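Biologist: Please take a close look at one position in a loop and tell me what surrounds it, and then carry the same account on to the aromatic rings and the pocket.

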Amino acid sequence: MNQYIDEAEKVLMHTYSRYQMVLDHGEGMYLFDTTGKKYLDFAAGIAVFALGYNYQGYNDALKTQIDKLLHSSNLFYNAPVVEAAKKLIKASGMDRVFFTSSGTEANEGAIKLARKYYFKKHGITNSQIISMNHSFHGRSMGALSITGTKKYREAFEPLIGGVVFAEFNNLDSVRELIQENTCAIIMEPVQGEGGLYPATAQFIQGVRKLCDEKDILLIFDEIQCGMGRTGSMFAYEQYGVKPDILTSAKALGCGLPVGAFAATEKAASAFEPGDHGTTYGGNPFVTAAVSKVFDLFESEKILDHVKGAAPYLEEKLEELVKKYDFITERRGMGLMQGLEFKMVVKDIIPKVMSSGLILITAGPNVIRFVPPLIVEKQHVDEMIATLDQCLSELQ
Ligand code: PLP
């Protein structure tokens, strides 16, 4: 294992501080490294593996598509992309879809669509986007420009202009930033990387109202919080509001690199042929996966399962909050939970990993819990027992 790690450090760019583990394969809720060590996984490849590992029905669908056609380009039609789009439309209430290869690209597309909508309506450029402090939308120049954490943006400026940041969950701060040229407001209904903060109903409904009054497009980035993670297919359903543009990725492909931005007809109709494109986006291989993911969510009643499992996870995390003075609070929604600590948590993670549990952080003080959505009570118990043991040693 050390040999792979040494080699990786020589050949890969130094953009990540990786954990000292070389993953080999997975099964259900568990991952195995190249030495055969088994780990209970509460990270799911950063909220990707909704169905867990080595899910047979999903694998079979991919194998079938491999033997037919992997890629078609967007110069032609293919059947899986149409099936996947129909299922995403049905699940989201949007009208049209553009498939991408990542979440970042989905947000890039959403920014372009919002700007084009404004340009088409007013015949002028220089429109403004309002994003939220502590948000995360990706690392490309456009997605980084709307990411509300200065340390990610700083070294890469100048980024795209016309982006301002409001306080998440503070409606007045959004209202104050709205100008004549505001074309879009973007937010994660549950902030992930920023530390597991759900939007309040008052905030999200208030922003929707402001957008309606001023014909501003509301973009929800559900790349992390969508696809069943909070107990509804998309988190916004629980707030009784709908976006004009939705971005999705991660669990949309359950392991394959695919994202999408979807929009209402009103917003989507701003795009004309030539306005946006990608070689790989919507290829038959990844969209066959997307299609199968939606089928399996339905046949396996994944949303009901999340609704059943999440309160138990919350309850067990709350017990840790009560037990340890150095844990300040639990927050999150559904199977997207965080524990905030008084101290930095990065040293706790390797400790739990050596005890056979994979957890990740969200910012310096928060441990994030985003397990595969197939998690059962016994996995929650196993996770809590391991974490509790590690925390008691800290004390
Ligand atoms: N938006 C949110 C809310 C995310 O959590 C992420 C990734 O963590 C992204 C966008 C970027 O997605 P990707 O890493 O697939 O490009």
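Modeller: In this predicted model, Gly334 touches Arg229, Thr230, Ala310 and Glu314, once residues up to four places away in sequence are set aside. One of these contacts can be given a distance, since Gly334 and Arg229 lie 6.2 Å apart from C-alpha to C-alpha, although 105 residues separate them in sequence. Gly334 itself belongs to the loop that runs between strand E13 (327–333) and strand E14 (336–341). Its relative accessibility is 9%, and because the cut-off for burial is under 20%, Gly334 counts as buried.

Turning to the aromatic rings, a search of the whole structure finds nine aromatic pairs. Among them is the stacked pair of Phe98 and Phe261, with 5.1 Å from centre to centre and 25° between the planes. This pair links distant parts of the chain, for Phe98 sits in strand E4 (residues 96–100) and Phe261 in strand E12 (residues 259–263), 163 residues apart. Phe98 and Phe261 are both buried. Another pair, Phe136 with Tyr152, is edge-to-face, at 5.7 Å centre to centre and with 80° between the planes. Here too distant parts of the chain are linked: Phe136 is in the loop between strand E5 (128–132) and helix H6 (141–145), Tyr152 is in helix H7 (residues 150–153), and the two are 16 residues apart. Tyr152 has a relative accessibility of 21%, and since partly exposed residues lie between 20% and 50%, it falls in that class.

To return to Phe98 and Phe261, ring pairs join these two and Phe271 into a cluster. Phe98 also appears in the lining of the second largest pocket, where it is one of the residues nearest the centre, together with Asn74, Arg96, Val97 and His276. That pocket has a volume of about 960 Å³, and 30 residues line it. Strands E4 and E12, along with helix H4 (79–92), each contribute at least two residues to this lining. By residue class, the lining divides into 17 nonpolar, nine polar and four charged residues.

Finally, two lysines are placed over tyrosine rings. The charged end of Lys38 sits over the ring of Tyr30, at 4.3 Å from the ring centre, while Lys377 lies over the face of Tyr312, with 5.0 Å to the centre of that ring.

Definitions and conventions: Residues numbered from 1 in each chain as written. Predicted model: local features only at pLDDT ≥ 70, side-chain atom pairs only at ≥ 80, totals over all residues. Heavy atoms only, no water. Phe/Tyr/Trp six-rings, centres within 6.5 Å; stacked < 30°, edge-to-face > 60°. Helix = DSSP H or I, 4+ residues; strand = E, 2+ residues; numbered from the N terminus. Buried < 20%, exposed > 50% of the residue type's maximum accessible area, 1.4 Å probe, protein only. Lys NZ or Arg CZ within 6 Å of the ring centre and 35° of its normal. Contact = heavy atoms within 4.5 Å. 1 Å grid on protein atoms, 1.4 Å probe; cavity = no way out; pocket = protein on both sides within 12 Å on 5 of 7 lines; lining within 4 Å. Points joined across faces, edges and corners; volume = space filled by probe spheres on them. Nonpolar A, V, L, I, M, F, W, Y, C, P; charged D, E, K, R; others polar.
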